[in-house]
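Here are a few short exercises to work through with the model open beside you. Try each one before reading its solution.

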Amino acid sequence: MEQLIEKLASTHDLTDDELRCLIEDGSCDDLLFQKAEALRQQIYGKDVYVRGLIEISNYCKNNCYYCGIRRDNRQVDRYRLTPEQILECCAEGYDLGFRTFVLQGGEDPYFTDDLLCALLKTIKSRYPDCAVTLSLGERSRDSYQRLYDAGADRYLLRHETASPAHYNKLHPQELSLENRQRCLFQLKEIGYQVGSGFMVGSPYQTTDCLIADLRFLQQLQPAMIGIGPFLTHQDTPFREFENGNTQLVLRMIAILRLLFPYALLPSTTALGTADPLGREKGIKAGANVVMPNLSPVSVRKKYELYDNKICTGDEAAECRMCLSRRMESIGYKIVVDRGDVKSPERTKTPS
Ligand code: SAH
């Protein structure tokens, strides 16, 4: 095991069989996390980038079996933010030191290209020093192009799982891995900084699925890779399944850091929900981004992708301060910066 970790840390790759060993055997996690944290510090130091997450709508036309805001969940109190409300979140976020705004939501047809383009232009003209990230699911290439031309810099779209058979167990027929992946490659082609990722411990996931996830990411080479545990939501078809394992999430973060030295790896809210110190542990395993909630408190509880989601009661300022304290408690610091991905050409190459 030690040799495998050494090999991964020096060559940034492993064979499938080697990955399988590492994923399934947690006996050397301490060493693995140390190597990942050391590499992270070589490239990103002790800096933690922040993204202000604005949950713009919980309407969704899709019916993903794991997701709390799926179309068929009649228990959800649906909301959408107006452009004015979104701009207020940005104003508050800017004052709190955020230089990236992430507009995330269900696939809500209300957010047409015209509406989003106008909104993007306003945000970019008011905050030219900020990056705007969209996370609004699958749209047409033309739509992605228009949003990019209107000023969107980045797009987050997790591939969720890179195994087609597994994908079909998590989603109804009308959704396909093929289309998801096509969207990701289109976004890259257009020029977005792309974020992808997957859930860990989703129902029916095997080690082979996780290996496929890593291989797909090696193909895609996204700027950001977001992962978190699958967490049960009581009003979904997956209500009987158990939460994903936190330790496995941390192990996968460390493996991702060693496979993708320069990647932006968020320590996610789902990880913080699964374990009260999950986000701190994620950073210690090689992550370098956190995404505090900037949504109005009045809607926080309604954007419930999974049960017991944290940070639904705090004002944006409290959320931001709480995370600053948490990062400082482990010797890291949140920086006021757009937090763009670093590239080997612009940094001294780590050994
Ligand atoms: N509609 C957008 C945003 C989805 S929400 C899109 O399709 O990309 C963002 C992420 O939350 C999803 O990509 C998924 O990986 C994660 N998520 C959804 N339900 C979850 C659950 N029950 N447990 C853990 N993560 C979940």
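**Exercise 1.** What span should the 14 residues of helix α14 (residues 316-329) have at 1.5 Å a residue, and how far apart are its end C-alpha atoms?

*Solution.* Keep in mind that this is a predicted model. Start from the rule: the expected span is 1.5 Å times one less than the number of residues. For α14 that gives 20 Å, and the end C-alpha atoms are 20 Å apart, so the two agree.

**Exercise 2.** Find which residues of α14 are buried, and what covers them.

*Solution.* First, the buried set: Ala316, Cys319, Arg320, Cys322, Leu323, Ser324 and Met327. Next, recall that an α-helix has 3.6 residues a turn, so residues three or four places apart point the same way. Then look at the cover, which includes strands β1, β8 and β9 along with helices α4, α12 and α13. Finally, step just past α14 to glycine 331, whose phi is positive, at about 85°.

**Exercise 3.** Which residues have the most contacts inside the largest nonpolar core?

*Solution.* This core holds 113 residues, and Phe101, Met252 and Ile255 have the most contacts inside it. Helix α10 (residues 246-259) gives the most to the core, with 10 residues. Now follow Phe101 outward: among the residues it touches are Ile54, Tyr94, Ile123, Val132 and Leu294.

**Exercise 4.** Locate the polar contacts of the ligand with glycine 105, arginine 180 and leucine 305.

*Solution.* Take the backbone first: a ligand nitrogen is 2.9 Å from a polar backbone atom of glycine 105, and a ligand nitrogen lies 3.4 Å from a backbone N or O atom of leucine 305. For arginine 180, a side-chain N or O atom is 3.2 Å from a ligand oxygen. As a last step, check burial: the ligand alone exposes 560 Å², of which the protein buries 91%.

Conventions. Residues numbered from 1 in each chain as written. Predicted model: local features only at pLDDT ≥ 70, side-chain atom pairs only at ≥ 80, totals over all residues. Heavy atoms only, no water. Core = buried A, V, L, I, M, F, W, Y, C linked by side-chain atoms within 4.5 Å. Buried < 20%, exposed > 50% of the residue type's maximum accessible area, 1.4 Å probe, protein only. Helix = DSSP H or I, 4+ residues; strand = E, 2+ residues; numbered from the N terminus. Contact = heavy atoms within 4.5 Å. Polar contact = N/O pair within 3.5 Å; in protein donor to acceptor, adjacent residues only side chain to side chain. Areas by Shrake-Rupley, 256 points an atom, 1.4 Å probe, with all protein chains shown as cover.
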